[in-house]
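Reader: I should be grateful for a close examination of one part of this structure, centred on a single buried arginine and the charged groups around that side chain. Please then place that part within its wider setting.

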Amino acid sequence: VQLQAFGGGLVRPGGSLRLSCAVSGRIFKFGSGAWFRQAPGKPREWVAGITGGGTTSHVDSVKGRFTISRDDAKNTLYLQMNGLEAEDTAIYYCNRILDDRSVWGQGTVVTVSS
């Protein structure tokens, strides 16, 4: 079982990106999902989460700009990022609870710069 995160890139301040996190492999039980990020020289921080039932939450610094969602038919987790700021520059990681195990994606780089 693997998670593959993609969708990062270079974007100007105020721009948008959508990150995706796809599951590969056979899964019997899908649990919660989350996005984390790690900026240069800083610890990894939780950004947003979605429960198995679909309840979402976001860290205060991204509320109103980022939205976590999930497409169960595609087994994919998303993070829609609007109004990007330089402070959002980081490696973004997805995490999902799959068959009661915590699984991490490999990370995708988001760079916000003019």
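Author: The account below begins with Arg65 and then turns to the salt bridges, the disulfide and the aromatic side chains.

The model is a predicted one, and every value given here is computed from it. Arg65 is found in the loop that runs between β6 (56–58) and β7 (66–71). With a relative accessible area of 13%, Arg65 is buried, because the limit for that class is under 20%. Two polar partners of its side chain can be named. One is the backbone oxygen of Gly83, which lies 2.9 Å from a polar atom of the Arg65 side chain. The other is the side chain of Asp88, with which the side chain of Arg65 makes a polar contact at 2.7 Å. When residues up to four places away in sequence are left aside, Arg65 touches Gln80, Met81, Asn82, Gly83, Leu84, Glu85 and Asp88. Gly83 and Asp88 thus appear both in this list of contacts and as the polar partners just described, Gly83 through its backbone oxygen and Asp88 through its side chain.

Asp88 leads on to a further arginine. Asp88 forms a salt bridge with Arg37, in which the closest N and O atoms are 2.9 Å apart. This pair links distant parts of the chain: Asp88 belongs to the loop between β8 (76–81) and β9 (90–98), Arg37 belongs to strand β4 (residues 30–38), and the two are 51 residues apart. Both ends of the bridge are buried, since Asp88 has a relative accessible area of 1% and Arg37 has a relative accessibility of 6%.

Other salt bridges have a different setting. In the whole structure, a search finds 7 salt bridges. Among them is the bridge between the side chains of Asp60 and Lys63, with an N to O distance of 3.0 Å. Here both partners count as exposed, Asp60 at 60% relative accessibility and Lys63 at 51%. A further bridge joins the side chains of Asp72 and Arg70 at 2.7 Å, N to O. Asp72 counts as exposed at 51% relative accessibility, whereas Arg70, at 22%, counts as partly exposed. Salt bridges with shared partners also join Arg37, Glu45, Arg65, Glu85 and Asp88 into one network. Arg65 is therefore a member of that network, and Arg65 is also a buried residue, at 13%.

The loop that holds Asp88 also offers a contrast in exposure. Glu87 lies in the loop between β8 and β9, and Glu87 counts as exposed at 61% relative accessibility, whereas Asp88 is buried at 1%. Glu87 and Ser102 are 15 residues apart in sequence, and their C-alpha atoms are 27 Å apart in space.

Strand β9, which follows that loop, takes part in a covalent link. The count of disulfides comes to 1. Cys21 and Cys94 form this disulfide, with their sulfur atoms 2.1 Å apart. The link connects distant parts of the chain, with Cys21 in strand β3 (residues 17–24), Cys94 in strand β9, and their positions 73 residues apart. The torsion about the S-S bond is about 70°, and the disulfide is therefore right-handed. Cys21 and Cys94 are both buried.

Strand β4, the strand of Arg37, is also the strand of Phe36. The structure holds 1 aromatic pair. In that pair, the rings of Phe36 and Trp104 have centres 4.9 Å apart and planes at 55°, so the arrangement is tilted. Because Phe36 lies in strand β4 and Trp104 in strand β10 (residues 101–104), the pair ties together parts that are 68 residues apart in sequence. Phe36 is buried, with a relative accessible area of 18%, while Trp104 counts as partly exposed at 37% relative accessibility.

Trp104 has a charged neighbour as well. The charged end of Arg44 sits over the ring of Trp104, 4.8 Å from the ring centre. The charged end of Arg44 also sits over the ring of Tyr93, with 3.8 Å to the centre of that ring.

To return to the part requested, Arg65 is a buried loop residue. Its side chain has a polar contact with Asp88, and Asp88 in turn forms a salt bridge with Arg37 in strand β4.

Key. Residues are numbered from 1 along each chain as its sequence is written. This is a predicted model: local features need pLDDT of at least 70, side-chain atom pairs count only at pLDDT 80 or more; totals for chains, interfaces and linings use all residues. Side-chain values use heavy atoms; hydrogens and water are left out. Helices (H or I, at least four residues) and strands (E, at least two) are DSSP runs, numbered from the N terminus. Buried means under 20% relative accessible area, exposed over 50%, partly exposed in between (1.4 Å probe, protein chains only). A polar contact is a pair of N or O atoms within 3.5 Å; within protein, one must be able to donate a hydrogen and the other to accept it, and residues adjacent in sequence count only if both atoms are side-chain atoms. Contact means heavy atoms within 4.5 Å. A salt bridge is a side-chain nitrogen of Lys or Arg within 4 Å of a carboxyl oxygen of Asp or Glu. A disulfide is a pair of cysteine sulfur atoms within 2.5 Å. Rings of Phe, Tyr and Trp (its six-membered ring) pair if their centres lie within 6.5 Å; planes under 30 degrees apart count as stacked, over 60 as edge-to-face and the rest as tilted. A charge sits over a ring if NZ of Lys or CZ of Arg is within 6 Å of the ring centre and within 35 degrees of the ring normal.
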